[in-house]
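Student: I would like a close look at a single part of this structure. Please treat one strand in detail and set it in its surroundings.

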Amino acid sequence: MPTHEHYMQRAIELAERAVGNTSPNPLVGAVIVRDDAIVAEGWHKQAGEAHAEVDAINNATANGYSTEDATIYVSLEPCSHQGKTPPCTNAILNAGFSKLVYATSDTNTKARGGAEILRAAGIEVVGGICEEQARQVNRFFFHYQAYSTPYVIAKFASSLDGRTATRNGDSQWITGPESRQYGHLARQAVDAIIVGAQTAIADQPQLTVRNPDAHPYSDPAHPIRIVLDSSGRVPLSNSLFNQSLPGNTIVVSTNAMPEKHAHKLAELNIEVIKLPCSPKANNQTNAETKNYPDVKLLLKELGQRGMQSVLVEGGNTVVGNFLDHALINEVWAFIAPVLIGGNDASPSVGGLGFETLALAPRLTNVSVEYLNNDILVKGRIANDSTAEFNRVFK
Ligand code: AOF
Ligand code: ZN
């Protein structure tokens, strides 16, 4: 007889089909099981559309399967609230299920508590199946529920010796096409991508999702492009201001941006957010980043706009600034087997850095993948346990 884990794996797999399309809602999948067989599946496709449970129930009905006395597996505790759609607890009760198995509790204060309601109504309820995996899939959602700011992924590509360019600035391409293609999966998953002015000028990026395999079940929702440009250095002719790009570009600046430049951007329908300059990080004055927009305030602002995840793509000063302020939650490091060398060749992470190894955050939940000759190291940073986090946030 298949285990709870077996069916929950399928529910999680279904949830992940909608990566990048459900924000601000979570990724949720559901399967309906009768007589040890899956009779219907469902997943949440987009905010405002049917929740996973309702999608699965509708599919069971459409295919002529009864849900009476069946079991429903859901990767998130069913909601108990009337939101954009009616409560899933009602749908589960009306469908006559005798058992609910869910992976992880909902922390959304408006929606949580569904498991208890269903238990009180006489349904057998089992929670916590594949919980860690389900929390990982919805890590943006859970982080946002806890902090009201977006979860930050820093992505960079470097040589084996940690350089992102030669001493003359030659940087294209250090990693191979497989790595670059894979990088689009990170873009697809997030609400916004952040780059610095230098990267915008040097690389003329589009910051769009361009991986044909990345979204087989839906069209990509293009993340918002955010350029950190404290003084208005990025010219209006830059690729990021091209009107034919899908979605929006936002420029994040400071009072150092000339009014005239801000007006011209407004004429192109590019929003400019002006923020105070960055305070000193890491307990020292950081000459390199002190005129930068305050990235902590930026995350608060993006959180207020409902963004749950951002990808920091570079350059190394921007990544370093986020690291110095203990704002990186996850790292994707693409490493190519090439040696660049040189004290003047840029490192993948700039900024000020840490004074001692004891202060330097060590990644947890580390995974390693091979992408042809490159390797991808992913891991998380538990910022709330670092001294810097305590200094900045407590
Ligand atoms: C989803 N999809 O499959 C489940 C969710 O705004 P609403 O009405 O769509 O409600 C969103 C909340 O419902 C969401 O934040 C989460 O707490 C809960 N469950 N949401 O979008 C689903 N099961
Ligand atoms: Zn629901």
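Tutor: The following account takes up strand β6, its partners, and then the confidence of the model.

This is a predicted model, in which local features need pLDDT of at least 70, side-chain atom pairs count only at pLDDT 80 or more, and totals for chains, interfaces and linings use all residues. Residues are numbered from 1 along each chain as its sequence is written, and chains are lettered from A and ligands numbered from 1 in the order in which they are written.

Strands are DSSP runs of E with at least two residues, numbered from the N terminus. Strand β6 covers residues 151-159, and because nine of its nine residues are buried, it is largely enclosed by the rest of the structure. Here, buried means that 20 or more other C-beta atoms lie within 10 Å of the residue's own, with C-beta atoms placed from the backbone. Tyr151, Ile153, Lys155, Ala157 and Ser159 point one way from β6, while Val152, Ala154, Phe156 and Ser158 point the other way; all are buried.

Two strands pair if DSSP finds at least two bridges between them. With strand β11 (residues 309-314), β6 runs parallel and is joined by four bridges; Tyr151 stands opposite Ser309 there. With strand β12 (residues 330-336), the pairing is also parallel, over seven bridges, and Phe156 stands opposite Ala333.

As for confidence, pLDDT is the predictor's confidence in each residue, from 0 to 100. The chain averages a pLDDT of 92, and 94% of the residues score at least 70.

Notes
A residue is buried if 20 or more other C-beta atoms lie within 10 Å of its own, exposed if 12 or fewer, and partly exposed in between; C-beta atoms are placed from the backbone.
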